[in-house]
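Please go through the model below with this report at hand. The text moves from helix geometry to cores, then to loops.

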Amino acid sequence: MSLDLKNESDVKQYLENLGIEYRFGCYSEKKPEVCHLLGDYLEGIKKDFDKAAKVYRSNCDDYGFAKSCLKYGNYSFLGKGRASDKGDPVKAFRYYEKGCELNDPDACLHSGLLLVSKSIPKDMKRDVPKAFEYLKKACSMNNANACFYLSGMHISGVLRDEFNTAKVKEELEQKEKAAPGKSGSSLPAGAYVVERDMHKAFEFAYKACELRNMYACANLSQMYANGDGTAKDEKKAEKYKQMAMEMQDEIKKQQQLNFQQGLNAS
């Protein structure tokens, strides 16, 4: 029997059957991938975030399903589905980190971003070297955002906390104006957690752009135009500028389409 999407009772029955199928696959057959689908079903169809959170957490803790660790980490960070009374970044990090260890690229990205954040909770220690490794792992698994962040870290460099002061930054800016590209050499060895390195910045930006990160393509265009980390190449600078603009247009068209769909739905 074919499904008539215009028939409300048919659709309702189909969704109910889908829920039964997912519950059986998760609770009786104990299939982690089906448990994750059950969580998505409870979240997206039933809008029962409390139950969805429990399924995601159990699937992460009991079966080590990476995507469920990521989802429960998101719930914990946002305070969704009673994963926490309010947003709990510390709890979220535990699940992001577990998801990363299980090779989920988005979990590695979130682990890295939390550890590098300057607004990190007091009961978490900012750890840029560890964050850098998580971001590298995410990038190696083709996470475009992680590659873009890594590029940015190499463009500016990341100073150790004792050197990361307004006074030091002002001195570096003045020296950079006087001798572009050489301001970092005035700092003692080991001042940077992540060294300024335009060649590496270029490599990460190139990969992020290939993975269709619009901002990375824009940066890549500037690098080719200025000869930063690569040889100057006006044709390639224009090529990647156009790529970034095309991606921007695609995003605008999609946003407009979504808006129109919202109008039609009402």
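How many residues does helix 5 have, and how far does it reach from its first C-alpha to its last? Helix 5 has 13 residues and reaches 18 Å, close to the 18 Å expected at 1.5 Å a residue. The model is a predicted one.

**Overall picture**

The protein chain holds 12 helices and 2 strands. From the N terminus on, the order of elements is α-α-α-α-α-α-α-α-β-α-β-α-α-α. The radius of gyration is 23 Å, well over the 18 Å that the globule rule gives for 266 residues, so the chain is more spread out than a compact globule. Along the principal axes, the C-alpha atoms fill a box of roughly 75 × 45 × 30 Å. Of the 266 residues, 36% count as buried. Among contacts with a separation of 6 or more, 51% come from residues 24 or more positions apart.

Confidence comes next. The mean pLDDT of the protein chain is 90, and 90% of its residues reach 70 or more. Confidence is lowest in helix 9 (residues 166-178), at a mean of 75. Helix 10 has the highest, at 98. Where pLDDT is low, the predicted coordinates should not be read in detail.

**Helix 5 and helix 10**

Many side chains of helix 5 can be listed by burial. P89, K91, A92, F93, Y95, Y96, E97, G99 and C100 are buried there. The buried residues of helix 5 pack against helix 3 (49-63), helix 4 (66-78), helix 6 and helix 7. After helix 5 comes N103, with a positive phi near 75 degrees.

Helix 10 also fits its expected length. At 1.5 Å a residue, its 13 residues should span 18 Å, and its end C-alpha atoms are 18 Å apart, which agrees. At the start of helix 10, a side-chain oxygen of D197 comes to within 3.1 Å of the backbone nitrogen of H199. The buried residues of helix 10 are A201, F202, F204, A205, A208 and C209. An α-helix has 3.6 residues a turn, so residues three or four places apart point the same way.

**Two nonpolar cores**

Which residues touch the most other members of the largest nonpolar core? They are L150, M153 and L220, in a core of 41 residues. Two or more residues each come from helix 5 (89-101), helix 6 (105-116), helix 7 (128-140), helix 8 (144-156), helix 10 (198-210), helix 11 (214-226) and helix 12 (234-265). Helix 7 gives the largest share, 7 residues. Leaving aside neighbours within four places in sequence, L150 is in contact with F132, L135, K136, C139 and F204. Another core lies apart from the largest one. This other core has 17 residues, among them Y22, L42, C60 and Y95. In soluble globular proteins, nonpolar side chains tend to be buried together.

**Loop residues**

Is N213 buried or exposed? At 6% relative accessibility, N213 counts as buried, because the cut-off is under 20%. N213 sits in the loop between helix 10 and helix 11. Its side chain makes a polar contact with the side chain of N145, at 3.1 Å. Not counting residues up to four places away in sequence, N213 touches A144, N145, F148, A208 and M247.

R212 lies in the loop between helix 10 and helix 11. R212 has a positive phi of about 70 degrees although it is not a glycine. K47 is not a glycine, yet has a positive phi of about 55 degrees.

K125 is in contact with L115 and I120, leaving aside neighbours within four places in sequence. The C-alpha atoms of K125 and L115 are 7.4 Å apart, for residues 10 apart along the chain.

The table sets out the accessibility of three loop residues.

| Residue | Loop | Relative accessibility | Class |
|---|---|---|---|
| K47 | helix 2 (32-44) to helix 3 | 54% | exposed |
| R212 | helix 10 to helix 11 | 49% | partly exposed |
| K125 | helix 6 to helix 7 | 72% | exposed |

Technical notes. Residues are numbered from 1 along each chain as its sequence is written. This is a predicted model: local features need pLDDT of at least 70, side-chain atom pairs count only at pLDDT 80 or more; totals for chains, interfaces and linings use all residues. Side-chain values use heavy atoms; hydrogens and water are left out. A nonpolar core is a set of buried Ala, Val, Leu, Ile, Met, Phe, Trp, Tyr and Cys residues joined through side-chain atoms within 4.5 Å. Buried means under 20% relative accessible area, exposed over 50%, partly exposed in between (1.4 Å probe, protein chains only). Helices (H or I, at least four residues) and strands (E, at least two) are DSSP runs, numbered from the N terminus. Contact means heavy atoms within 4.5 Å. The expected span of a helix is 1.5 Å times one less than its number of residues. A polar contact is a pair of N or O atoms within 3.5 Å; within protein, one must be able to donate a hydrogen and the other to accept it, and residues adjacent in sequence count only if both atoms are side-chain atoms. pLDDT is the predictor's confidence in each residue, from 0 to 100. The radius of gyration is taken over C-alpha atoms; the globule rule is 2.2 Å times the number of residues to the power 0.38.
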